[in-house]
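Trainee: I have a chain open on my screen and would like to talk it through with you. Could we take it one question at a time?

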Amino acid sequence: MRKTNLVLVEGARRDEAPHRWHGTVELAVTRAIDAGFHVGRQVRIGSIPGSVVGYNIAHFGRFAGASYPVLVQTEFGVTKCSLSELAAA
């Protein structure tokens, strides 16, 4: 599998108050880890093989971490996944 470098992109918050979904994202990431989806774990998204490369901590947007907590590297690039989309390889 081809390796790619991940890049940290500085972002800005929409407001200064803590986001109300913070606990939800944290809970989703914790559930993913507890389910065995640790960094380096080989997984499948349908029939596409990949490996867990990190966790999505985004608090807002179309693919927020509360719904898509796992980052998976595949031959097509890195994608955000929900637990229901993943299976152990």
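Trainee: Let's start with a side chain. How does Tyr-55 count by its relative accessibility?

Mentor: Good place to begin, and keep in mind that this is a predicted model. Tyr-55 is found in strand β2. A residue is buried under 20% relative accessible area and exposed over 50%. Tyr-55 has 22% relative accessibility, so Tyr-55 counts as partly exposed.

Trainee: Which backbone oxygen lies 2.8 Å from a polar atom of the side chain of Tyr-55?

Mentor: The side chain of Tyr-55 has polar contacts to look at on your screen. It reaches the backbone nitrogen of Val-39 at 3.4 Å. The oxygen you ask about, 2.8 Å from a polar atom of the Tyr-55 side chain, belongs to Phe-37.

Trainee: And which residues does Tyr-55 touch, not counting residues up to four places away in sequence?

Mentor: Phe-37 and Val-39, from the polar contacts of Tyr-55, appear in this list again. Leaving out residues up to four places away in sequence, Tyr-55 touches Val-29, Ile-33, Phe-37, His-38, Val-39, Pro-69 and Leu-71.

Trainee: Let's step back to the whole chain. In what order do the elements run from the N terminus on?

Mentor: The chain has one helix and five strands. From the N terminus on, the order is α-β-β-β-β-β.

Trainee: What is the order of the five strands in the open sheet?

Mentor: You can build the order up from the pairings. β1 pairs with β2 over four bridges, and three bridges join β1 to β5. Five bridges join β2 to β3, and β3 in turn pairs with β4 over five bridges. The pairing is antiparallel, and the sheet reads β4-β3-β2-β1-β5.

Trainee: Which strands stand at the edges of that sheet?

Mentor: An edge strand has a single partner strand, so one side of it is left without a neighbour in the sheet. That description fits β4 (77–81) and β5 (86–88).

Trainee: Which residue takes a positive phi in the hairpin of β1 and β2?

Mentor: On the strands of this hairpin, Ile-45 stands opposite Ile-48 in β2. The hairpin has two residues between its strands, and the phi near 65° is that of Gly-46.

Trainee: Is Thr-74 buried or exposed?

Mentor: Thr-74 lies in strand β3, with Gly-50 standing opposite. It touches Ile-45, Ile-48, Pro-49 and Gly-50, leaving out residues up to four places away in sequence. Its relative accessible area is 5%, and the cut-off is 20%, so Thr-74 is buried.

Trainee: Which backbone nitrogen does the side chain of Thr-74 reach?

Mentor: β3 (residues 70–74) is the strand that holds Thr-74, and β3 forms a hairpin with β4 that has two residues between the strands. At 3.0 Å, the side chain of Thr-74 reaches the backbone nitrogen of Phe-76.

Trainee: How far apart are the C-alpha atoms of Arg-44 and Ala-87?

Mentor: Arg-44 lies in strand β1, which is joined to β5, and Val-43 stands opposite Ala-88 in β5. Leaving aside neighbours within four places in sequence, the contacts of Arg-44 include Leu-86, Ala-87 and Ala-89. Although Arg-44 and Ala-87 are 43 residues apart along the chain, their C-alpha atoms are separated by 5.2 Å.

Trainee: Which backbone oxygen lies 2.8 Å from a polar atom of the Arg-44 side chain?

Mentor: Arg-44 counts as partly exposed, at 32% relative accessibility. The backbone oxygen 2.8 Å from a polar atom of its side chain is that of Ser-47.

Trainee: How many aromatic pairs are there, and what is the geometry of the rings of Phe-63 and Tyr-68?

Mentor: The count comes to one aromatic pair. Phe-63 is partly exposed at 40% relative accessibility, and Tyr-68 is partly exposed at 24%. The ring centres of Phe-63 and Tyr-68 lie 5.3 Å apart and their planes stand at 65°, so the pair is edge-to-face.

Trainee: Last one: what percentage of the residues in the chain is buried?

Mentor: Thr-74 is one buried residue we have met. For the chain of 89 residues, the buried share is 27%.

Conventions. Residues numbered from 1 in each chain as written. Predicted model: local features only at pLDDT ≥ 70, side-chain atom pairs only at ≥ 80, totals over all residues. Heavy atoms only, no water. Pairing = 2+ DSSP bridges. Buried < 20%, exposed > 50% of the residue type's maximum accessible area, 1.4 Å probe, protein only. Polar contact = N/O pair within 3.5 Å; in protein donor to acceptor, adjacent residues only side chain to side chain. Contact = heavy atoms within 4.5 Å. Phe/Tyr/Trp six-rings, centres within 6.5 Å; stacked < 30°, edge-to-face > 60°.
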